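Let us read this model feature by feature. Each turn takes one topic and then turns to the case at hand.

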Amino acid sequence: MYTGPKRFYGSVNLDPTRTGRDAGKIAEEVIAHLTSIIGADVTITLEIQAQIPSGASEQVVRTVTENCRTLKFTSQGFEKE
């Protein structure tokens, strides 16, 4: 009896101008196969990192922070350095 690998992990960088398309492709071509396994516990985490050399405006900080709160991000924040 074949006993295959018991864990999968993966990380990929997405093009920020094509995130929806790329995430949809990942959902169809990777996640769907993993979630089809009976008893599989699949967790998906989206991580966003942004370097902003000129600094984010107060409006952007406020908007992104409020949107993250509304979308129930488990962690988020802006840093000065």
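Q: Start with burial. Is D22 buried or exposed?
A: First, the status of the model: it is predicted. Burial is read from relative accessible area, and buried means under 20%. D22 has a relative accessible area of 16%, so D22 is buried. D22 lies in helix α1.

Q: Which residues is D22 in contact with, leaving aside its neighbours within four places in sequence?
A: Contact means heavy atoms within 4.5 Å. With those neighbours left aside, D22 touches L14 and D15.

Q: How many salt bridges does the structure hold?
A: The idea is a distance test: a side-chain nitrogen of Lys or Arg within 4 Å of a carboxyl oxygen of Asp or Glu. The structure holds two such pairs. One joins the side chains of R21 and D22, at 2.7 Å from N to O. The other joins those of D15 and R18, at 3.4 Å from N to O.

Q: Are R21, D15 and R18 buried, partly exposed or exposed?
A: Over 50% counts as exposed, and partly exposed runs between the buried and exposed limits. R21 is exposed, because its relative accessible area is 53%. Its partner D22 is buried, at 16%. In the other bridge, D15 is partly exposed at 28%. R18 is partly exposed as well, at 42%.

Q: Back to helix α1. What does its span say?
A: Set the span against that of a straight helix. Helix α1 covers residues 19-35. A straight helix of 17 residues would span 24 Å at 1.5 Å a residue. Helix α1 spans only 21 Å between its end C-alpha atoms.

Q: Where does α1 bend, and by how much?
A: A bend is an angle between axes fitted on either side of a residue. In α1 the place is A27, and the angle is about 40°.

Q: Turn to T65. Where is T65, and is T65 buried or exposed?
A: T65 sits in helix α2. Its relative accessibility is 16%, so T65 counts as buried. Beyond its neighbours within four places in sequence, T65 is in contact with Q76 and F78.

Q: How far apart are I48 and Q76 in sequence and in space?
A: Compare the two separations. I48 and Q76 are 28 residues apart in sequence. In space, their C-alpha atoms are 9.0 Å apart. I48 is placed in the loop between α1 and α2. With 57% relative accessibility, I48 is exposed.

Q: Which residues form the nonpolar patch on the surface?
A: A patch joins nonpolar side chains within 5 Å, on residues with over 30% relative accessible area. Here the members are L46, I48, L71 and F73. Together they have about 440 Å² of accessible area.

Q: What about F73: where is F73, and is F73 exposed or partly exposed?
A: F73 lies in the segment after α2, which covers 58-70. Its relative accessibility is 36%, so F73 counts as partly exposed.

Q: One backbone point remains. What phi does K72 have?
A: Most residues other than glycine have a negative phi. K72 is not a glycine, yet its phi is positive, at about 60°. K72 is found in the segment after α2. K72 is exposed, since its relative accessible area is 67%.

Key:
Residues are numbered from 1 along each chain as its sequence is written. This is a predicted model: local features need pLDDT of at least 70, side-chain atom pairs count only at pLDDT 80 or more; totals for chains, interfaces and linings use all residues. Side-chain values use heavy atoms; hydrogens and water are left out. Helices (H or I, at least four residues) and strands (E, at least two) are DSSP runs, numbered from the N terminus. The expected span of a helix is 1.5 Å times one less than its number of residues. The bend at a residue is the angle between axes fitted to the seven residues ending there and the seven starting there. Patches are made of residues with over 30% relative accessible area and no salt bridge: like charges are joined within 9 Å, nonpolar side chains (Val, Leu, Ile, Met, Phe, Trp, Tyr) within 5 Å. Accessible areas come from the Shrake-Rupley method with a 1.4 Å probe; for residues, only the protein chains shown count as cover. Buried means under 20% relative accessible area, exposed over 50%, partly exposed in between (1.4 Å probe, protein chains only).
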